Amino acid sequence: MNRRTIHEWKNWILEYISDDKYELTQKENLSVQTIVAKDAMDAEIQCQQIIKNAKKEGDS
């Protein structure tokens, strides 16, 4: 498995893990969410929405 960092935000990191799978990790509590996306840009867009929702809930 060739993991590579796609994007890193202040409290989050997006990594490519295989084929169409990515992982979004929250650095503070190390929670991990698997993202299925057609490419890195699609994964980033999905992650931005997840991060935005987490901020609204007060998790970030």
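## A walk across the sheet, starting at E8

Start by selecting E8 and I13: in strand β2, I13 is the bridge partner of E8. Keep in mind as you go that you are looking at a predicted model.

**Stop 1: β1 and β2**

Now widen the selection to β1 (4-8) and β2 (residues 12-18). These two strands run antiparallel and are joined by four bridges. To see another facing pair, pick H7, which stands opposite L14 in β2. Then follow the backbone from β1 into β2: the connection is a hairpin of three residues. How many of the seven residues of β2 are buried? Six of them are, so β2 is mostly covered, since buried here means under 20% relative accessible area.

**Stop 2: from E8 to K27**

Go back to E8 and show its side chain together with that of K27. The two meet in a salt bridge, with 2.6 Å from N to O. E8 belongs to strand β1, while K27 sits in the loop between β3 and β4 (32-36), so this pair ties together parts that are 19 residues apart in sequence. Are these two partners buried or partly exposed? E8 is partly exposed at 49% relative accessible area, and K27 is partly exposed as well, at 33%.

**Stop 3: β2 and β3**

Next, bring up β2 alongside β3. Six bridges hold this antiparallel pair. Select W12 and you will find Q26 as its bridge partner in β3. Select E15 and the bridge partner in β3 is E23; remember both names for the next stop. Before leaving, look at the turn: the hairpin of β2 and β3 has two residues between the strands, and D19 there takes a positive phi near 35°.

**Stop 4: R3 and its two glutamates**

Show the side chain of R3 and look for its acidic partners. With E15, R3 forms a salt bridge of 2.9 Å, N to O. This one links distant parts of the chain, 12 residues apart: R3 is in the segment before β1, and E15 is in strand β2.

Now add E23 to the selection. R3 and E23 also meet through their side chains in a salt bridge, at 2.5 Å from N to O. R3 lies before β1 and E23 lies in strand β3 (residues 21-26), so the pair ties together parts that are 20 residues apart in sequence. With the three side chains on display, you have a network of salt bridges that links R3, E15 and E23.

Try a surface view here. Which of the three residues is partly exposed, and which are buried? R3 is partly exposed, with a relative accessible area of 39%. E15 is buried at 17%, and E23 is buried, also with a value of 17%. If you search the whole structure for salt bridges, you will find three.

**Stop 5: around E23**

Stay with E23, in strand β3, and display what surrounds this residue. Leaving aside residues up to four places away in sequence, E23 touches R3, I13, L14, E15, I17, V32, Q33 and T34. Its side chain also makes a polar contact of 2.5 Å with that of R3. Why does E23 count as buried? Its relative accessibility is 17%, and the limit for buried is under 20%.

**Stop 6: the whole sheet and the helix**

Zoom out and colour the strands one by one. In which order do they lie? The sheet is open, with four strands in the order β1-β2-β3-β4 and antiparallel pairing. At the edges stand β1 and β4, each with a single partner strand, so one side of each is left without a neighbour in the sheet. Rotate the view and you can follow the twist: on average, neighbouring strands of this sheet are turned by 25° against each other, direction ignored. Finally, select helix α1 (residues 40-57), which packs on the sheet and touches β1, β2, β3 and β4. The direction of α1 makes about 140° with that of β4.

Definitions and conventions:
Residues numbered from 1 in each chain as written. Predicted model: local features only at pLDDT ≥ 70, side-chain atom pairs only at ≥ 80, totals over all residues. Heavy atoms only, no water. Salt bridge = Lys/Arg side-chain N within 4 Å of Asp/Glu carboxyl O. Buried < 20%, exposed > 50% of the residue type's maximum accessible area, 1.4 Å probe, protein only. Pairing = 2+ DSSP bridges. Axes fitted to C-alpha atoms, helices over the stretch in contact; angles between N-to-C directions. Contact = heavy atoms within 4.5 Å. Polar contact = N/O pair within 3.5 Å; in protein donor to acceptor, adjacent residues only side chain to side chain.
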